[in-house]
Amino acid sequence: MMEEQKSCKVYVDVGVEFTAEGKMRPSWIRWTDGHVFQIDRIKQICRAASRKAGGVGLRYTVIISGQESQLYYEENYKWFVEAKHPQ
């Protein structure tokens, strides 16, 4: 029988550039094990809630190594991604 997977917040370090207009543009994510993932492209930025892990803020839909991921910037100035862990 397969275990049900539940998502949780994983807070990560993020490298951010600021444009001349003052917009934030994340350029890389450092995972908890120290591995750095370069963000190839930002597809969308919108205010949204994380339905899988809880929390609300700016949701960046990003492309990393050809894969689409969601990166959130919360109002507490922290960045997180949704990660799965066994229930």
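Select K9 and F80 first: the charged end of K9 sits over the ring of F80, 5.0 Å from its centre. Here a charge sits over a ring if NZ of Lys or CZ of Arg is within 6 Å of the ring centre and within 35 degrees of the ring normal. The model is predicted, so local features need pLDDT of at least 70 and side-chain atom pairs count only at pLDDT 80 or more, while totals for chains, interfaces and linings use all residues. Residues are numbered from 1 along each chain as its sequence is written, and side-chain values use heavy atoms, with hydrogens and water left out.

Next, add K78 and Y11. The charged end of K78 sits over the ring of Y11, 5.0 Å from its centre.

**Aromatic rings**

Keep Y11 and F80 selected and turn to their rings. The structure holds four aromatic pairs. Rings of Phe, Tyr and Trp (its six-membered ring) pair if their centres lie within 6.5 Å; planes under 30 degrees apart count as stacked, over 60 as edge-to-face and the rest as tilted. The Y11 and F80 rings have centres 6.1 Å apart and planes at 65°, so this pair is edge-to-face. Because Y11 belongs to strand β1 (residues 5-11) and F80 to strand β8 (residues 79-86), the pair ties together parts that are 69 residues apart in sequence. Strands (E, at least two residues) and helices (H or I, at least four residues) are DSSP runs, numbered from the N terminus.

Are Y11 and F80 buried or exposed? Y11 counts as partly exposed, at 37% relative accessibility, whereas F80 is buried, with a relative accessible area of 0%. Buried means under 20% relative accessible area, exposed over 50%, and partly exposed in between (1.4 Å probe, protein chains only).

Select Y73 and W79 now. Their ring centres are 4.7 Å apart and their planes lie at 50°, so the pair is tilted. Y73 counts as buried at 17% relative accessibility, and W79 counts as buried at 8%. Then add Y72: ring pairs link Y11, Y72 and F80 into a cluster.

From W79, move to V10, which is placed in strand β1. V10 counts as buried, at 14% relative accessibility. The C-alpha atoms of V10 and W79 are separated by 8.4 Å, although the two residues are 69 residues apart along the chain.

**Strands and hairpins**

Switch to a cartoon view. The protein has zero helices and eight strands. Buried residues make up 32% of its 87 residues.

Select strand β2 (residues 13-18) and strand β3 (residues 24-30), which pair in the antiparallel sense over six bridges. Two strands pair if DSSP finds at least two bridges between them. Which residue of β3 is the bridge partner of G15? The partner is W28. E17 stands opposite R25 in β3. The two strands form a hairpin with five residues between them, and G22 in the turn has a positive phi of about 90°.

Follow β3 onward to strand β4 (residues 36-38), where three bridges join the two strands, which run antiparallel. W28 stands opposite Q38 in β4. This hairpin of β3 and β4 has five residues between the strands, and G34 takes a positive phi near 95°.

Add I64 to the view of Q38. I64 lies in strand β6 and counts as buried at 11% relative accessibility. The C-alpha atoms of I64 and Q38 are separated by 6.3 Å, with their positions 26 residues apart along the chain.

**The largest pocket**

Finally, select S69, Q70, V81, E82 and A83, which lie nearest the centre of the largest pocket among its 18 lining residues. On a 1 Å grid over the protein atoms alone, a pocket is an open set of points where a 1.4 Å probe fits, with protein on both sides within 12 Å along at least five of seven lines; lining residues have an atom within 4 Å of a point. The elements that give two or more residues to this lining are β6 (56-64), β7 (67-74) and β8.

The pocket has a volume of about 410 Å³, a volume being the space filled by probe spheres set on the grid points, which are joined across faces, edges and corners. Colouring the lining by residue class shows eight nonpolar, five polar and five charged residues. Ala, Val, Leu, Ile, Met, Phe, Trp, Tyr, Cys and Pro count as nonpolar, Asp, Glu, Lys and Arg as charged, and the others, Gly among them, as polar.
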